[in-house]
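Trainee: Got a minute? I have a structure open and would like to talk it through.
Mentor: Sure, put it up.

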Amino acid sequence: MMKEPIMLFPQLVNMKPIPRLIGSKCPVCNLFYFPFRVVCPQCFLEGLDECLLTIHGRIKGFTIVRAKQPKGFPLPYAVGYVELIKEGLVIPSLLTADSLSSLCVGAHVELVIEFLSDNEEGRNILVYKFRVKE
Amino acid sequence: LENLGIIGIGMTKFGKLSNESLIDLGRKACLSAIHDAGISPLHVDAAYCGNGLASQLFGASTIGQSIFWELGLKGIPVINVENACTSGSTAFHEACLSILAGVHDIVLVVGVEKMYEAQVGMLSSGTAEIEPGLGFLVPVTFALRAKAHMDKYGTTPEQLAMVAVKNHYHGSLNPLAQYQNILTVDEVLQSPMIVDPLTRLNCCPIGDGAAAIIICRGNMTARFTSSPIWVVASILGSGLYDNPPILEHWVLDYEKSKKAYEQAGCGPDDIDVAEIHDAFTIAEIMHYEGLGFCAEGEGGFLLESGGTTIGGRIPVNTSGGLLAKGHPVGATGVAQLIEITMQLRGQCGKRQVKGAQLGLAHCMGGDKHGDTKSITIHILAK
């Protein structure tokens with residue numbers, strides 16, 4: 001029987017109705033943060049509101065890891081910073097595309113939940129990534 | 001800060017030192033610093049130990065006490081400091097503060113690390129952050145910075161490679177360096193690609209080693225030496241974590257070096273020799289700019305001009321730097337200060353910078369949200 005897949009960093013993602021990343025917003029400064037944080041570093045307000053972030057972004061910078069990957073990461077893989085269009089917030093993410101050669105700075109990307117690898121028990125590990133829009 | 005004098009230094013060779021434990025390495029560096037200073041362990045009022053990884057790699061804690069026990073030290077304050085790559089230089093900074101505060105007169109600082117035995121491979125900066133879990137190995141953030149610097153300023157892969165070539169040349173003149181071999185630009189470019197555009201030889205190695213320094217209240221140095229090296233600036237800072245992250249340079253380099261120059265009463269043009277944090281080749285180029293050795297964007301040209309090679313305008317990483325001398329994480333910050341001390345004392349032999357009067361040591365540690373977690377800058381004077 002197939003075992004349930006495991007989500008890497010489940011606390012970062014709200015799965016339904018569509019997967020969205022969970023950040024926080026300071027109602028005073030009107031600034032967004034990811035991952036979620038409790039205290040606003042600008043005005044030190046405590047108890048920031050949780051908010052769901054836009055799934056649309058642009059690649060701000062990226063690179064491709066070709067050797068010496070962390071355990072369970074299939075090579076090569078792409079990582080970088082994504083600028084979320086609505087919030088203007090830049091966040092770290094794995095990046096994916098039909099072909100890694102289509103990655104470029106400024107490319108439009110969209111949040112997806114994708115397979116990363118199998119763990120030692122053979123269970124699928126899923127992770128959030130941003131995928132280049134074709 | 002002319003109230004702080006370095007009166008003793010000692011370090012082990014850096015490299016793969018399989019027959020020596022963390023404690024052995026620490027003891028050896030401390031004893032050689034104590035002998036160099038001409039003091040007895042009895043004179044030491046407090047002892048600081050910088051270590052980055054022993055808790056992670058060996059499950060060992062409070063290793064300072066274990067090392068200082070070997071020297072016969074007992075009863076005195078012992079402080080263990082962990083601050084990633086700046087563990088050793090943060091320990092040094094804290095030791096300086098304890099003298100400036102009037103609490104201690106003579107303080108021992110050791111930085112120590114053992115990385116080969118535990119087979120760490122490529123470091124991640126820890127599991128408490130999301131970036132390592134998302135595959136952001138330490139070289140990833142430097143690769144992202146390299147690409148941003150290349151895009152904005154036209155820095156080339158050849159210029160990156162030349163940092164490794166220069167530092168290996170310098171390392172070949174340092175008997176304590178991990179690597180004694182000379183490299184060519186082609187060898188660096190042809191080594192296996194790790195993270196675009198950083199090939200293996202653009203990355204520093206892991207290593208074992210220890211380094212120790214004795215600091216003495218300024219008005220007491222004459223009891224031990226006629227030529228102490230003065231600590232004229234000691235700065236510690238942590239990340240700004242700006243969003244969006246700025247990748248082409250570290251804002252902290254500019255801010256904290258300005259503060260260090262103010263404290264020392266000098267400017268970047270007055271610095272005769274510098275040790276800066278070249279964990280990856282791109283970092284050295286970016287730090288030239290951030291420390292004011294050249295204008296923003298011109299780091300690649302400064303390097304190419306030979307300005308930072310021994311004999312140039314401002315020789316950088318005469319020890320071989322992290323790239324060639326090696327990078328036992330906790331020892332690095334102290335070892336950088338030892339190289340500057342040796343340069344100012346005129347003890348560097350073939351790699352001596354002639355007439356060096358003022359030197360700078362710069363160290364950075366950890367990554368978070370596109371910024372470094374820790375920075376130290378020290379300026380030493382003859």
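Mentor: We'll take the chains in turn, then look at one helix. Keep in mind that this is a predicted model.

Trainee: Okay, chain B. How many helices and strands does it have?
Mentor: Chain B has 13 helices and 11 strands.

Trainee: And what does chain A have?
Mentor: Zero helices and 10 strands. Read chain A from the N terminus and each element is a β: β-β-β-β-β-β-β-β-β-β.

Trainee: Back to B. Why does its radius of gyration agree with a compact globule?
Mentor: Chain B has 382 residues, so a compact globule would come out near 21 Å; the chain has 19 Å, which agrees. Its C-alpha trace spans about 55 × 45 × 40 Å along the principal axes.

Trainee: What about the span of A?
Mentor: About 45 × 35 × 30 Å for the C-alpha trace of chain A, again along its principal axes.

Trainee: What share of each chain is buried?
Mentor: In chain B, 63% of the 382 residues count as buried. In chain A, 45% of the 134 residues do.

Trainee: And contacts between residues 24 or more positions apart, what share are those?
Mentor: Take contacts with a separation of 6 or more. In chain B, residues 24 or more positions apart account for 78% of them. In chain A the figure is 48%.

Trainee: Surface next. How much is accessible, and what part is carbon and sulfur?
Mentor: Chain B has about 12900 Å² of accessible surface, 53% of it from carbon and sulfur atoms. Chain A exposes about 7100 Å², with 55% from carbon and sulfur.

Trainee: Charges?
Mentor: Chain B carries 25 positive and 37 negative charges, and their mean positions are 6 Å apart. Chain A has 15 positive and 13 negative, with mean positions 4 Å apart.

Trainee: Now pick a helix.
Mentor: Try α7 of chain B, residues 157-171. This helix has 15 residues and reaches 21 Å from first C-alpha to last, close to the 21 Å expected at 1.5 Å a residue.

Trainee: Which of its residues are buried?
Mentor: B:Q159, B:L160, B:A161, B:V163, B:A164, B:K166, B:N167, B:H168, B:H170 and B:G171. Note that B:K166, a lysine, is on that list.

Trainee: What do they pack against?
Mentor: Several elements of chain B. Among the helices are α6 (138-153), α8 (185-190) and α10 (281-290). Then there are α11 (299-304) and α12 (321-324), plus the strand β6 (198-199).

Trainee: Why would residues a few places apart face one way?
Mentor: An α-helix has 3.6 residues a turn, so residues three or four places apart point the same way.

How values were computed
Residues numbered from 1 in each chain as written. Chains lettered and ligands numbered in written order. Predicted model: local features only at pLDDT ≥ 70, side-chain atom pairs only at ≥ 80, totals over all residues. Heavy atoms only, no water. Helix = DSSP H or I, 4+ residues; strand = E, 2+ residues; numbered from the N terminus. Rg over C-alpha atoms; globule rule 2.2 N^0.38 Å. Buried < 20%, exposed > 50% of the residue type's maximum accessible area, 1.4 Å probe, protein only. Contact = heavy atoms within 4.5 Å. Areas by Shrake-Rupley, 256 points an atom, 1.4 Å probe, with all protein chains shown as cover. Lys, Arg positive; Asp, Glu negative; His and termini not counted. Charge placed at Lys NZ, Arg CZ, Asp CG, Glu CD. Expected span 1.5 Å × (residues − 1).
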